[in-house]
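Visitor: Could you take me in for a close look at a single part of this model? I would like one spot described with its cut-offs spelled out.

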Amino acid sequence: MFNKKLCISAAVAMSLSLGSLVFQGAYAQGVLTAGGGTTAFLEADFLSSLKPDQKAINALPDEIKSKKILTVGGETTLAPYLYLENGKLTGIESDFMQALEKVLNIKINVINTGFSSMVIGLLSKRIDVAMSDFSDTLEREKQVDFVDYSKSGQILLVKNGNPLKINTIADLCGHIAAGPTGSLSVQVAEEQSVQCVANGKPAVDVKKYPNGTDTNLALTNGRVDVTGIDYAIAAYQVKVSNGKLQLTGELFAKGYHGAALPKDNTRLRDALKLAFDSIYEQGAAKKILAKWGVTQMLLEAPKINAMTAE
């Protein structure tokens, strides 16, 4: 069996690899503005009934209450979390950001930030919050706090029909597994390969690709047998594959996605917790995740530093 501890601790690696698709960890101020230095989102009309939460608003730091702008660092090239459509930002995280705008009565300015630069951006005060498929990990919790608002997890992605009957990590023995260099999928496959050999089975032939796009292309074209990937991303890839790919097996490396912020900004942390509580209580979180077909990601309630709390 695979090393569960490795999977969980390596979750950051998957994000780093995926986040390097375009920006290689660099900052890039978005040009998508709705005026006043805020971001233009593809409007989520179904959130129109959301009401401001005065308790959450009152809890905001004075500077943010005064400016009414929250600066968020997010990787904006990763469907279905946060990506461009018709010149505007859309995705799961876009909808959560719009929900925050309504509940907190503020506007959000998104700075396109690679995953590897999000913690740096928080600590340098370049951004107030980091969001967008940003996994809460024990390692990251040493530097920043998380307000977790959805579950996360990895799943295996194979060719439609699953001709090789790969359903678990243990089934990788003797097969070709692929993933972006430095990603969770590669590390899990390499760990399982060692276990395969120890059990007298064929090793896993692990292929590394520059990014997720090349990995998915290799899988679609039959050059590799399987890849491991974030659940929501995998579901989206199946949707756009025109019947060429499918999900298989159960989730592994389960965890949480959250809004990260500096540990010294407890006031903003607590305000965001109240805001996400309100988003859940008003039913918006369930609607957002249902819209994107990932209701499995719904929490019972938002949490602070959920990985440590477990």
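**A close look at Asp 128**

Guide: Happy to. Asp 128 is buried (under 20% relative accessible area, with a 1.4 Å probe and protein chains only), yet has no salt bridge, that is, no side-chain nitrogen of Lys or Arg within 4 Å of a carboxyl oxygen of Asp or Glu. The nearest side chain of opposite charge belongs to Lys 67, 5.2 Å away; in this count Lys and Arg are positive, Asp and Glu negative, and His and the chain ends are left out.

A word on the source: this is a predicted model, where local features need pLDDT of at least 70, side-chain atom pairs count only at pLDDT 80 or more, and totals for chains, interfaces and linings use all residues. Residues are numbered from 1 along each chain as its sequence is written, and side-chain values use heavy atoms, without hydrogens and water.

Back to our residue: Asp 128 sits in the loop between α6 (115-123) and β8 (129-130), with helices (H or I, at least four residues) and strands (E, at least two) taken as DSSP runs numbered from the N terminus. From that loop, the side chain of Asp 128 reaches the backbone nitrogen of Thr 71 at 2.8 Å. Thr 71 is also one of its contacts (heavy atoms within 4.5 Å) beyond four places in sequence. Others among them are Ile 64, Ile 69 and Leu 70, together with Leu 122. Further along the chain, Asp 128 touches Ala 260, Leu 261, Pro 262 and Leu 268.

For the wider setting, the chain holds 13 helices and 15 strands, and buried residues make up 54% of its 310 residues.

Methods. Buried means under 20% relative accessible area, exposed over 50%, partly exposed in between (1.4 Å probe, protein chains only). A polar contact is a pair of N or O atoms within 3.5 Å; within protein, one must be able to donate a hydrogen and the other to accept it, and residues adjacent in sequence count only if both atoms are side-chain atoms.
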